[in-house]
Amino acid sequence: MNQQKIACLTAYDYPTARLLEESGIDVILVGDSLGMVFLGHPDTTQVTLENIEYHLRAVRRATSRSILLADLPFGRADDIEDAVESSLRLQAAGADMIKVEGALIAQIKAIVAAGVPVMSHLGMLCQQILIEKKYTMKGKTPQDAARLLREAHALEEAGASALVLELVVPHLSAQMTRELTIPTIGIGSGPCCDGQILVFSDLVGLQPWFRPSFVKPKVDLATPLQAAVREYIREIKNEDI
Ligand code: KIV
């Protein structure tokens, strides 16, 4: 297959989204990583639908060419009716597509039937962190690999348009990519997916206090940013009163 791979990044604000869009990114995700990266929470579970709507509107203002993807936050996919209503709200706030964690087949069918395209998300599900306790690779045992493969096929059949694979062992994400007709988007899942996604601040080294092991930042933005702020402070302090 000679198709170009799909490049995806997160953004939660207008300037970042505008820079990404103008750089030619294919997909911008207003993800629930917002909670950790932007709001200072320890995990993604405190992000609300209103948080995603608020940031989505800002990102929408900067985005006309890239596909705009939004996360259905923690707890909003438990109930089918709520999942559909919340997805429609995100669509109204500007999302082209909704990302839903987990093999929630009935919810995916209902959201798609309501006219909202869905990107599913398997592997490490950050919204499960309070149960799982740590972020770990998935699909290591034959049983777990078989479960993930079954779920991936079921999600495709349910109408998902694409599938994020987070921390899935590379040979399994490669197998899924071969077997599925919908594109797979990897994060920490090896090079063989149809596309890749990263959290923007990880890519540009904006949060040196937290760096996932699979990320190799392209630049260290925190250092020049702090240098500029220190220079500014020095200049102010040296001015005569
Ligand atoms: O919220 C997010 O940023 C995500 C990516 C890690 C895929 O879901």
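I count a residue as near the ligand if one of its heavy atoms lies within 4 Å of it. I am working from a predicted model.

**Ligand shell.** I looked up which residues surround the ligand. They are Thr10, Leu29, Gly31, Asp32, Ser33, Asp71, Lys99, His121, Ile187, Ile197 and Val199. I then sorted this shell by class. It holds 4 nonpolar, 4 polar and 3 charged residues.

**Polar contacts.** Next I checked the oxygen atoms of the ligand. Ser33 places a polar side-chain atom 2.5 Å from a ligand oxygen. For Lys99, a side-chain N or O atom is 2.8 Å from an oxygen atom of the ligand. Asp32 makes its contact through the backbone: one of its backbone N or O atoms lies 3.1 Å from a ligand oxygen.

**Burial.** How much of the ligand does the protein bury? I find 94% of the 260 Å² that the ligand exposes when taken alone. I also looked at the pockets. The ligand takes up the space of the largest pocket.

**Overall fold.** I turned to the protein chain. I note 10 helices and 8 strands. Its radius of gyration is 19 Å, and the globule rule gives 18 Å for 241 residues, so the chain is as compact as a globular protein of that length. Along its principal axes, the C-alpha trace spans about 70 × 40 × 35 Å.

Note on methods:
Residues are numbered from 1 along each chain as its sequence is written. This is a predicted model: local features need pLDDT of at least 70, side-chain atom pairs count only at pLDDT 80 or more; totals for chains, interfaces and linings use all residues. Side-chain values use heavy atoms; hydrogens and water are left out. A polar contact is a pair of N or O atoms within 3.5 Å; within protein, one must be able to donate a hydrogen and the other to accept it, and residues adjacent in sequence count only if both atoms are side-chain atoms. Accessible areas come from the Shrake-Rupley method with a 1.4 Å probe; for residues, only the protein chains shown count as cover. On a 1 Å grid over the protein atoms alone, a cavity is a set of points where a 1.4 Å probe fits but cannot get out, and a pocket is an open set with protein on both sides within 12 Å along at least five of seven lines; lining residues have an atom within 4 Å of a point. A molecule sits in a cavity or pocket if more than half of its atoms lie within 2 Å of its grid points. Ala, Val, Leu, Ile, Met, Phe, Trp, Tyr, Cys and Pro count as nonpolar, Asp, Glu, Lys and Arg as charged, and the others, Gly among them, as polar. Helices (H or I, at least four residues) and strands (E, at least two) are DSSP runs, numbered from the N terminus. The radius of gyration is taken over C-alpha atoms; the globule rule is 2.2 Å times the number of residues to the power 0.38.
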